Amino acid sequence: MSENTIPYKIYLTEDEIPRQWYNLRADMKEKPAPLLNPGTGQPLTAEEMSGIFCEELVRQELDNNTAYYDIPEDIRNFYKMYRPAPLVRAYCLEKALGTPAKIYYKFEGNNTSGSHKLNSAIAQAYYAKKQGLKGVTTETGAGQWGTALSMACAYLGLDCKVYMVKVSYEQKPFRREVMRTYGASVTPSPSDTTNVGRKILAEFPDTTGSLGCAISEAVEVAVSNPGYRYVLGSVLNQVLLHQSIIGLEAKAALDKYGVKPDIIIGCAGGGSNLGGLIAPFMGEKLRGENDYRIIAVEPASCPSFTRGTFAYDFCDTGMICPLAKMYTLGSSFIPSANHAGGLRFHGMSSILSQLYHDGYMEAVSVEQSSVFEAAEQFARVEGILPAPESSHAIRAAIDEALRCKETGEEKTILFGLTGTGYFDLVAYQLFNDGTMTDVIPTDEDIAKSVAALPKVPGQG
């Protein structure tokens, strides 16, 4: 079939929604380093983790060998409310750019949460409910994860406590209200409701917060309240497992028309969207079946991959969570108040960090004014107002398409459009008013936080 006859939107049928999640770790030659107990420095055991996470999620978190996990039918039925998600051929963007490149994007914004986060939220809430828990706690940056989790908890009758990064709490009040509409309690972080929050506020009274701060508070509340567990929307192995449905659907849709992408691009904050999108493609690359150029795109204000250190670090600012080996800017690093709130985590998924370290993927960082320029160009020709996070991938996809224009190469590009930006209009306003600024950390800023990395044997 000629590529010119491929429809704008490629949909799978309900029956073609994947029945299994794919565990990328099963095909990794170098497995991600284990989480460590911060007190003992030893690998975290399932028993230790079960005080924080749900039992089934602990099993998924620690499993490096099982390639496929069956998706429970109850979760799959929930998926049918908004899945399968469309794979879109960006014909209008191609024409506007005058590029010979073929551009596709996997759109994950067709649900009330406005993003891909619902894919893991319903899974984690399902396992909490199955375990007989009363509720869950979590953090959220831009609010997509908190919104998704509040929806999943409302559906299953679970209590949901959300700690929202303070700058996003103030910048995105409407997303906060969606969470409250679904029954969640939403607290700006750092707050005076937890010990760790009070400690951070005492040391940094004017802080705008960070995901690391919010994680600390959510974990503290979970472990101090019987019947609650902590859930996380990115970074962890279990989350990338659930999000693999994005890539599995994208690949199945492309396979229908015999299309193989040359370049796969995803925005990168903690890793949930990027890891989910690339999972089956990276699996083929690891097994030597196919080769792809895979690009992670992160904000220049929080450049974990491109300027971070590959080392063990705390996942939270309060230093109460396990240690993960990842590309990190240091758990004390608090990025500027950029508008891609979901990309403000100081570290990166251990899975993606290991793959990047081993040379299976590359990374670039981009400034937010350039990101919003790409977002508006995309919105004007493709008809979707993209989330700031997704717009990092759009920026890189446009750049790659323009390189194809210069060289005459007919590359096929796939990127992830993680969600919509209708709750991010303050950011669009600043860009349109010409008052948006680009704040990039100095080498001294990063060196200061990296210098405080925990002392782990073999880490220096």
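This is a walk through the structure above, from its helices to its cores, its empty spaces and a few unusual spots in the backbone. Keep in mind that you are looking at a predicted model.

Let us start with helix H5, which runs over residues 118-130. Its 13 residues reach 18 Å from the first C-alpha to the last, close to the 18 Å expected at 1.5 Å a residue. Is this helix enclosed or not? Since 11 of its 13 residues are buried, H5 is largely enclosed by the rest of the structure. Among those buried residues are Leu-118, Asn-119, Ile-122, Tyr-126 and Tyr-127. If you look for what surrounds them, you will find that the buried residues of H5 pack against strand S2 (20-22), H2, H3, strand S6 (135-140), helix H6 (144-156) and H11. After the helix comes Gly-132, which has a positive phi, near 85 degrees.

Helix H10, residues 211-223, is the next stop. At 1.5 Å a residue, its 13 residues should span 18 Å, and because its end C-alpha atoms are 18 Å apart, the model agrees with that expectation. H10 is mostly covered, with 12 of its 13 residues buried. The buried set includes Leu-211, Ile-215, Val-219 and Val-221, and also Glu-217 and Glu-220. These buried residues pack against S6, strand S7 (159-165), S8, H9 and S9. Strand S6 is worth finding on your screen, as the buried residues of H5 pack against it and so do those of H10.

Further along the chain is helix H16, made of residues 388-407. Its 20 residues should span 28 Å at 1.5 Å a residue, and its end C-alpha atoms are 29 Å apart, which agrees. Here 14 of the 20 residues are buried, so H16 is largely enclosed by the rest of the structure. Gly-408 follows H16 and has a positive phi, near 80 degrees.

Now let us turn to the nonpolar cores. The largest one has 38 residues, and Phe-305, Leu-352, Leu-355 and Met-361 are those with the most contacts inside it. Which elements each supply at least two residues of this core? They are helix H11 (237-256), helix H12 (272-286), strand S11 (293-299) and helix H14 (350-357). H12 gives the most, with seven residues. To see how such a core is knitted together, pick out Met-361: leaving aside residues up to four places away in sequence, Met-361 touches Leu-274, Ile-278, Met-282, Ile-294, Ala-296, Phe-305, Leu-352, Leu-355 and Tyr-356. There is also a second, separate core of 37 residues, which includes Ile-71, Ile-122, Cys-153 and Leu-156. You have met Ile-122 already, as one of the buried residues of H5.

Some space inside the protein is left empty. The structure holds three cavities of 30 Å³ or more, and the second largest has about 100 Å³ of space. What kind of residues line this second largest cavity? The lining divides into 11 nonpolar, no polar and no charged residues. Among them are Leu-35, Phe-53, Tyr-230 and Cys-321, along with Ile-215 and Val-219, two buried residues of H10. The largest pocket has about 340 Å³ of space. It is lined by 14 residues, and Ser-332, Phe-333, Ile-334, Asp-445 and Lys-448 lie nearest its centre. The lining of this pocket divides into eight nonpolar, four polar and two charged residues.

Finally, here are some details of the backbone. A cis peptide bond joins Arg-83 and Pro-84, with omega about 5 degrees, and Pro-84 is found in the loop between helix H3 (73-79) and strand S4 (87-89). The bond from Ser-189 to Pro-190 is cis too, with omega near 5 degrees; Pro-190 lies in the loop between strand S8 (185-189) and helix H9 (195-203). Val-235 has a positive phi of about 70 degrees although it is not a glycine. Its place is in the loop between strand S9 (228-230) and H11. Is Val-235 buried or exposed? Buried means under 20% relative accessible area, so at 10% relative accessibility Val-235 counts as buried.

One last residue shows how folding brings distant parts of a chain together. Leu-62 and Gln-238 are 176 residues apart in sequence and 8.4 Å apart in space, C-alpha to C-alpha. Leu-62 lies in helix H2 and, at 39% relative accessibility, counts as partly exposed.

Notes. Residues are numbered from 1 along each chain as its sequence is written. This is a predicted model: local features need pLDDT of at least 70, side-chain atom pairs count only at pLDDT 80 or more; totals for chains, interfaces and linings use all residues. Side-chain values use heavy atoms; hydrogens and water are left out. On a 1 Å grid over the protein atoms alone, a cavity is a set of points where a 1.4 Å probe fits but cannot get out, and a pocket is an open set with protein on both sides within 12 Å along at least five of seven lines; lining residues have an atom within 4 Å of a point. Grid points are joined across faces, edges and corners, and a volume is the space filled by probe spheres set on the points. Ala, Val, Leu, Ile, Met, Phe, Trp, Tyr, Cys and Pro count as nonpolar, Asp, Glu, Lys and Arg as charged, and the others, Gly among them, as polar. A nonpolar core is a set of buried Ala, Val, Leu, Ile, Met, Phe, Trp, Tyr and Cys residues joined through side-chain atoms within 4.5 Å. Buried means under 20% relative accessible area, exposed over 50%, partly exposed in between (1.4 Å probe, protein chains only). Helices (H or I, at least four residues) and strands (E, at least two) are DSSP runs, numbered from the N terminus. Contact means heavy atoms within 4.5 Å. The expected span of a helix is 1.5 Å times one less than its number of residues.
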